[in-house]
Amino acid sequence: MNALTASAAIASGRVKLANVRQRSLVEAKMRVLIVAFLFLFAGVAAFVRILQLGFFEDAPERRSLAEALLPPRGEITDRNGVPLARAFPAYALWYNPKAFGASGQPLVKSPEEVASALMQIFPDADYNDLLRRLKSDKPSYLIRRVMPEEANRIFALGEPALEFPRENQRYYPQGSLGAHVLGYVDGEGKGHVGMEQVLEKQLLDPAQRGQPVSLSIDMRAQGALEDELGRGMMETEAKGAAGVVLDVDTGEIVALASLPSFNPNRSDMAYNDLVFNKVTNQVYELGSTFKPLSVAAAIDAGAVTDLSVRYPANRPLEIGGFRIRDSHTLGASLNVPEALIHSSNIVTAQVADKLGGPGLKKTMAALGMNERPYIELPARGFPLWPRGHEKTGEWARITTMTVSYGHGIAVTPLHLAAAYAAMVNGGVWRPATLFKVDPAKAPAGRRVFKASTSARMRQLLRMIVVDGTGKTANAPGFRVGGKTGSAEKPGGKGGYNRTSLVATFAAAFPMDKPRYVVIAMLDEPKGTAATSYQRTAAWNAAPIVGRVVPRIGPFLGVVPDDTRDIDISDLSPLVGKGGGE
């Protein structure tokens with residue numbers, strides 16, 4: 001190779017090397033530009049997202065750590081801290097008809113097969129509603145609350161269209177117990193009917209929802225009351241039942257039951273009439289349970305000063321074309337203790353007549369019988385209050401007489417409980433409440449009866465249980481006092497249906513120092529073998545109280561004591577023999 005050829009070869013290699021270096025430099029610059037562009041794109045995207053969060057969304061960094069740790073809805077407990085309602089993370093069952101795309105079939109199996117399989121997991125669900133939703137091309141919830149074990153069973157069906165979004169759900173650890181007190185939370189997170197509705201703002205308020213709300217309810221008493229009312233319903237084939245346990249000094253409701261009940265955990269159910277509260281929202285003519293209240297009004301006003309005075313009782317009273325009669329003849333004459341013990345309409349009407357309409361009306365109004373019951377619940381029934389004279393407002397004579405034994409006036413069982421509390425606690429009426437009350441801060445209330453009148457009524461109520469129609473409520477050692485009431489339900493054309501009764505027993509214990517009022521009511525009980533084929537309160541409602549009191553007394557601080565009782569020795573000589581409801 002000559003020198004010229006060598007020089008040309010070297011020059012050619014240098015050119016190639018220069019070209020390679022130039023290309024490498026260009027490639028490096030391009031890579032730097034690409035990386036810079038990617039960083040620029042990421043920065044712009046982040047900036048846009050920050051703007052979006054700042055202007056359109058509630059960014060997580062705006063929430064404090066403390067708020068993030070709070071439950072989504074506050075907890076509700078009973079008076080002893082037992083949880084009644086709490087929030088917990090759960091699954092829902094969602095149907096996604098686009099699971100396989102817009103054109104694919106959403107279900108592997110037929111809608112009928114899937115609906116049947118879901119019914120095996122959720123027996124309370126509505127098959128027709130599930131089938132309708134599964135055949136639809138619209139996404140929707142099938143079940144709003146699904147437990148993990150249920151989700152596993154659904155997953156095993158192998159249907160991708162059945163999805164499980166996580167949600168915060170309301171859970172009621174006690175099931176249906178106390179359902180009418182608590183109410184329920186719907187699928188949208190809104191409280192209904194009970195304290196869930198009343199406390200809605202507080203339970204959702206970040207400043208308050210971290211602190212549980214303590215109610216006055218004692219779940220042990222609630223369980224006993226519901227259990228015994230349910231037993232009474234079954235034994236008498238009644239259509240419903242209601243009951244309440246009330247602290248006579250504070251107005252606290254320790255238990256409140258309306259049967260049949262519902263399960264608030266099933267927020268997807270159609271509750272219909274089950275959510276209706278018979279204790280606070282339904283008004284009834286509560287019959288002879290009004291007789292002690294009328295007698296108390298007469299004693300307090302001085303219309304009755306001598307309990308030994310006898311009233312004719314052997315024939316019906318004829319008043320303005322109306323006849324007031326007893327269920328059967330109780331004797332030629334009765335005094336007031338005998339009239340209460342044997343439940344005489346005739347004698348009670350004469351006592352009320354002696355008192356007069358204005359006096360009885362004033363007492364009933366002071367006991368709150370002319371307005372909705374005082375309670376925090378939203379469902380509160382308005383009483384059927386008798387009309388007075390068009391100009392003076394005074395009750396007619398016949399109205400005064402019938403109201404005295406619980407006819408012509410309709411109130412809720414809660415009205416009756418508050419009235420009995422006033423009658424036995426020394427004479428002071430207080431509003432009922434579902435919030436726990438410090439005894440030292442109990443509301444002052446209003447005086448309705450003198451303390452001496454209240455003391456006398458405690459004796460008379462105890463005598464009714466010892467010697468009269470309330471014997472089946474006489475729980476040994478608990479000194480129960482009370483009154484039966486068996487009222488025919490109003491029928492058509494202004495009359496009464498003789499085949500439909502409301503049977504009630506209103507009681508308090510212990511009568512030597514009353515602590516609690518207990519009301520038990522059965523709606524349309526039948527005479528069955530369990531009640532010796534009798535329908536009246538002495539045979540069905542009173543035994544319920546007789547079973548409830550021994551169950552709830554000990555943990556409410558009332559210990560049975562057979563050595564103590566209220567002294568009725570000054571009244572016992574006045575009482576003869578007789579009978580009643």
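Where is Pro510 found? In this predicted model, Pro510 sits in the loop between S18 and strand S19 (516–523). The peptide bond that joins Phe509 to Pro510 is cis, with omega at about -20°. A second cis peptide bond links Leu259 and Pro260, and here omega is about 0°. Pro260 belongs to the loop between strand S10 (253–259) and helix H10 (291–301). As a point of background, most peptide bonds are trans, and most residues other than glycine have a negative phi.

Phi, too, has entries worth a look. Ser343, a residue other than glycine, has a positive phi near 60°. Ser343 is placed in the loop between helix H11 (336–342) and helix H12 (345–355). With a relative accessible area of 8%, Ser343 counts as buried, because the cut-off for that class is under 20%. Arg479 is not a glycine either, yet its phi is positive, at about 50°. The loop that holds Arg479 runs between helix H16 (451–467) and S17. Arg479 is buried as well, its relative accessible area being 4%.

Attention now turns to the interior. The largest nonpolar core contains 90 residues, and those with the most contacts inside it are Ile253, Leu293, Leu367, Met369 and Val517. Helix H15 (residues 413–424) supplies the largest share of this core, with ten residues. Apart from this core lies another, made of 35 residues that include Ala221, Ala224, Ala520 and Val558. As for Leu367, its contacts beyond four places in sequence are Leu293, Ala419, Ala422, Trp429, Arg446, Val448 and Phe449.

Leu367 also appears in the lining of the largest cavity, together with Gly368, Pro373, Tyr374, Leu414, His415, Ala418, Trp429, Arg430, Pro431 and Ala432. This cavity encloses about 60 Å³, and it is one of two cavities of 30 Å³ or more in the whole structure. H15 gives the most to its lining, namely three residues. By class, that lining comprises eight nonpolar, two polar and one charged residue. The second largest cavity has a volume of about 40 Å³. Around it are Leu246, Asp247, Val248, Gly251, Ala418, Ala421, Asn425, Val428 and Arg430. Strand S9 (240–247) and H15 are the elements that give two or more residues to this second lining, which has five nonpolar, two polar and two charged residues. Ala418 and Arg430 thus occur in the lining of the largest cavity and also in that of the second largest.

The largest pocket offers about 1,300 Å³ of space. It is lined by 40 residues, and closest to its centre are Asn345, Tyr405, His407, Glu488 and Tyr496. Strand S13 (322–324), helix H14 (397–404), strand S17 (481–490) and strand S18 (496–509) each bring at least two residues to the lining. S17 provides the largest share, four residues. Sorted by class, the pocket lining has 14 nonpolar, 17 polar and nine charged residues.

A final stop is Phe122, in the loop between helix H3 (111–121) and helix H4 (127–135). Phe122 is buried, with a relative accessible area of 1%. Leaving out residues up to four places away in sequence, Phe122 touches Leu93, Ile143, Arg145, Val146, Glu150, Ile154 and Arg266. Val146 is 24 residues from Phe122 in sequence, and their C-alpha atoms are 9.4 Å apart.

Notes
Residues are numbered from 1 along each chain as its sequence is written. This is a predicted model: local features need pLDDT of at least 70, side-chain atom pairs count only at pLDDT 80 or more; totals for chains, interfaces and linings use all residues. Side-chain values use heavy atoms; hydrogens and water are left out. A nonpolar core is a set of buried Ala, Val, Leu, Ile, Met, Phe, Trp, Tyr and Cys residues joined through side-chain atoms within 4.5 Å. Buried means under 20% relative accessible area, exposed over 50%, partly exposed in between (1.4 Å probe, protein chains only). Contact means heavy atoms within 4.5 Å. On a 1 Å grid over the protein atoms alone, a cavity is a set of points where a 1.4 Å probe fits but cannot get out, and a pocket is an open set with protein on both sides within 12 Å along at least five of seven lines; lining residues have an atom within 4 Å of a point. Grid points are joined across faces, edges and corners, and a volume is the space filled by probe spheres set on the points. Ala, Val, Leu, Ile, Met, Phe, Trp, Tyr, Cys and Pro count as nonpolar, Asp, Glu, Lys and Arg as charged, and the others, Gly among them, as polar.
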